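Hello,

Here is the structure I promised to pass on to you. Have a look at it first, and then read my notes below.

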Amino acid sequence: MATLTIKNEQQNAKFGFAFKNLADKNYNQKDENGNEVGGFNGIYTGLLQFNIDSLIAFWDCGLAHLVSKGRPTIKDIEEALEARIETDGDTEKLFKEAFREIDSSGFFKRDAKTFWKNLEMFKEMGKTDEEKAENAKGAQIMLEAKAELLDEETESTD
């Protein structure tokens, strides 16, 4: 379970409409065509890229359900993450916990499945063989990151 101690209180990330709504409001991204891809995709992709800002976004949205209970601020979350990184010695455990939780959550199960299905289709996109090879390479990097975060073995297509 993804847990974080904030101001001496253990907090658990929760996945539901509060997470989704805050993610869409604050962390939505646009693709190259200007289409909004959704906050979930932005956070999910960022975790796969080991982006520390995505870790902050994960916790910000994961604690959105605490609105009436004094939800921690971004500064509170950053301080808690810094303390955890100091204790753990790096960010690996934080990223693994966050990714595993969001990837396996019932609320986002369909979104995660769609993400990987779209990634498989992306591998074949491109007008030239060079573009297709670049897309396949990018997809492979994402698959390897997923395997690392889930402690799985992957086969390289190289």
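What follows is a short tour of a pocket, a pair of helices and two residues.

Please keep in mind that this is a predicted model.

Let me start with the pocket. The largest pocket holds about 880 Å³ of space. Its lining is made up of 31 residues, and if you want to find the middle of the pocket on your screen, look for V37, N41, T45, F115 and N118, which lie nearest its centre. Four helices each give at least two residues to the lining: α1 (17–26), α2 (39–48), α6 (109–122) and α7 (129–150). Of these, α2 supplies the largest share, with 7 residues. As for chemical character, the lining residues split into 13 nonpolar, 12 polar and 6 charged.

Next, a helix pair. Two packed helices are described by the angle between their axes and the distance between the axes. For α1 and helix α3 (residues 52–62), that angle is about 135° and the axes are 8 Å apart. Angles over 145 degrees would count as roughly antiparallel and 65 to 115 as roughly perpendicular, so α1 and α3 are oblique to each other. On the α1 side, the contact is made by F19, L22, A23 and N26; on the α3 side, F58, D60, C61 and G62 take part. Sorted by class, this contact of α1 with α3 has 5 nonpolar, 2 polar and 1 charged residues.

Now for the first of the two residues, I43, which sits in helix α2. I43 has a relative accessible area of 1%, and because anything under 20% counts as buried, I43 is buried. Setting aside neighbours within four places in sequence, I43 touches F19, A23, Y27, S54, A57, F58, C61 and I102. You will recognise some of those names: F19 and A23 of α1, along with F58 and C61 of α3, also belong to the contact between those two helices. If you would like a distance to check in your viewer, try I43 and E144: they are 101 residues apart along the chain, and their C-alpha atoms are separated by 17 Å.

The second residue is D76, located in helix α4 (residues 74–88). Is D76 buried or exposed? The relative accessibility of D76 is 13%, which is under the 20% cut-off, so D76 counts as buried. Apart from neighbours within four places in sequence, D76 is in contact with I6 and K7.

Happy browsing, and best wishes!

Conventions:
Residues are numbered from 1 along each chain as its sequence is written. This is a predicted model: local features need pLDDT of at least 70, side-chain atom pairs count only at pLDDT 80 or more; totals for chains, interfaces and linings use all residues. Side-chain values use heavy atoms; hydrogens and water are left out. Buried means under 20% relative accessible area, exposed over 50%, partly exposed in between (1.4 Å probe, protein chains only). Contact means heavy atoms within 4.5 Å. On a 1 Å grid over the protein atoms alone, a cavity is a set of points where a 1.4 Å probe fits but cannot get out, and a pocket is an open set with protein on both sides within 12 Å along at least five of seven lines; lining residues have an atom within 4 Å of a point. Grid points are joined across faces, edges and corners, and a volume is the space filled by probe spheres set on the points. Ala, Val, Leu, Ile, Met, Phe, Trp, Tyr, Cys and Pro count as nonpolar, Asp, Glu, Lys and Arg as charged, and the others, Gly among them, as polar. Axes are lines fitted to C-alpha atoms, for helices over the stretch in contact, and angles run from 0 to 180 degrees between N-to-C directions. Angles under 35 degrees count as roughly parallel, over 145 as roughly antiparallel, 65 to 115 as roughly perpendicular and the rest as oblique.
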